[in-house]
Amino acid sequence: MFDPAAFGPAIQQRRRSLPAIRDQRHPASHGPRLFADSADIHDIEPLYRAGIINGVTTNPTLMKRAGANSWAQAKAMLTDILTLLAPNPVSLELTELGYDAMLAQARELAALGSNAVIKVPVGGYRAVDAKADPFTGLKVIRALWELGIHTNATLVFNTTQAFWAANAGASCVSPFLGRVADYLAKHDDAGGPPGNSLYQATEPQRYHNTEYVACGGPRHDAGSRLVQEIVTVFAHYDIRTEVLAASIRNPAQVSEMLLAGADIVTVPAAILAGVADHPLTDLGMQAFCADAAVFTG
Ligand code: E4P
């Protein structure tokens with residue numbers, strides 16, 4: 001089961017060995033980074049200007065959802081995000097499939113901005129083309145590492161995939177914890193809502209014994225364990241590839257990722273807004289404001 005106590009000295013040491021992301025005087029200079037998981041600049045801009053995020057991840061689904069209907073529109077959209085975020089990283093996903101085409105597209109995307117990070121699916125190539133080389137993604141990551149182009153190995157669902165990507169030279173790996181949680185919630189317990197942190201509060205008899213149930217309780221925490229496992233392996237072997245926790249479904253999963261030792265957590269804008277609006281924070285604010293009324297006027 002996911003065990004937050006496993007955040008031990010090796011993980012602390014790993015965090016300290018990674019470059020500081022802010023001025024050393026800043027109290028969180030070695031803290032993990034928060035990214036927006038979005039391709040919609042209207043979502044991204046206020047979060048960035050408020051200092052809440054310092055990076056962005058995109059993918060073809062998010063690009064389509066943000067209104068891109070052609071490669072030209074997608075490139076224009078990505079260029080705007082890169083310009084806004086510079087010098088902070090923005091992950092841009094390859095849409096080509098063959099090795100040569102992927103390398104050419106990676107160069108094209110990398111030319112859009114020096115903060116571009118090329119997102120490369122770690123595998124799954126035979127799922128879309130039975131004749132494809134299963135190692136295409138790893139080979140592309142290797143070639144881009146040799147060219148000095150940063151990569152984000154995406155669609156990671158086990159620790160071996162993460163390790164292979166790191167071995168190929170990936171700058172970061174993206175385990176999709178929310179999709180793991182969704183899958184398990186759907187298949188293990190069809191009665192429960194997928195990946196919902198409120199299970200514990202609303203159904204304590206089913207999800208007893210732990211407060212760390214963001215992925216749906218002790219039987220559904222494989223997504224959090226996956227991230228913790230990758231972080232632990234990377235810490236033990238001093239692998240500097242960053243672990244970017246992706247596919248977040250609720251604010252409690254963000255907390256779990258911080259406990260798991262993730263280097264980066266990428267979060268949809270709506271969930272970030274939810275972090276500010278905890279029900280008890282709301283009640284507290286209402287009480288403070290009501291009491292403060294006597295001091296005004
Ligand atoms: C990460 O980089 C991906 O874009 C994203 O987190 C996928 O999340 P989803 O499972 O919500 O599609």
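Here is a short walk through this predicted model, from its confidence to its cores and its ligand.

Let's begin with how far the model can be trusted. The average pLDDT of the chain is 86, and 85% of the residues score at least 70. One stretch to treat with care is residues 192–219, where pLDDT stays under 50. For that stretch the model has 65 contacts beyond four places in sequence.

Now turn to the interior. In soluble globular proteins, nonpolar side chains tend to be buried together. Here, the largest nonpolar core holds 66 residues, and the members that touch the most others are Val120, Val173, Val227 and Met257. Helix H4, which spans residues 71–85, gives the most to this core, with seven residues. To get a feel for the packing, pick out Val227: beyond its neighbours within four places in sequence, Val227 contacts Pro175, Leu177, Val243, Ala245, Met257, Ala260 and Ala262. There is also a second, separate core of six residues, including Phe35, Cys172, Phe176 and Ala246.

Two of those names, Phe176 and Ala246, come up again around the ligand. Also surrounding the ligand are Asp37, Thr57, Asn59, Lys119, Arg179, Ser247 and Arg249. Look at how some of these residues meet the ligand's oxygen atoms. Asn59 places a polar side-chain atom 2.7 Å from a ligand oxygen, while Ser247 has a backbone N or O atom 2.7 Å from a ligand oxygen. Arg249 brings a polar side-chain atom to 2.8 Å from an oxygen of the ligand. On its own, the ligand has 340 Å² of accessible area, and the protein covers 86% of that.

Conventions. Residues are numbered from 1 along each chain as its sequence is written. This is a predicted model: local features need pLDDT of at least 70, side-chain atom pairs count only at pLDDT 80 or more; totals for chains, interfaces and linings use all residues. Side-chain values use heavy atoms; hydrogens and water are left out. pLDDT is the predictor's confidence in each residue, from 0 to 100. Contact means heavy atoms within 4.5 Å. A nonpolar core is a set of buried Ala, Val, Leu, Ile, Met, Phe, Trp, Tyr and Cys residues joined through side-chain atoms within 4.5 Å. Buried means under 20% relative accessible area, exposed over 50%, partly exposed in between (1.4 Å probe, protein chains only). Helices (H or I, at least four residues) and strands (E, at least two) are DSSP runs, numbered from the N terminus. A residue is near a molecule or strand if one of its heavy atoms lies within 4 Å of it. A polar contact is a pair of N or O atoms within 3.5 Å; within protein, one must be able to donate a hydrogen and the other to accept it, and residues adjacent in sequence count only if both atoms are side-chain atoms. Accessible areas come from the Shrake-Rupley method with a 1.4 Å probe; for residues, only the protein chains shown count as cover.
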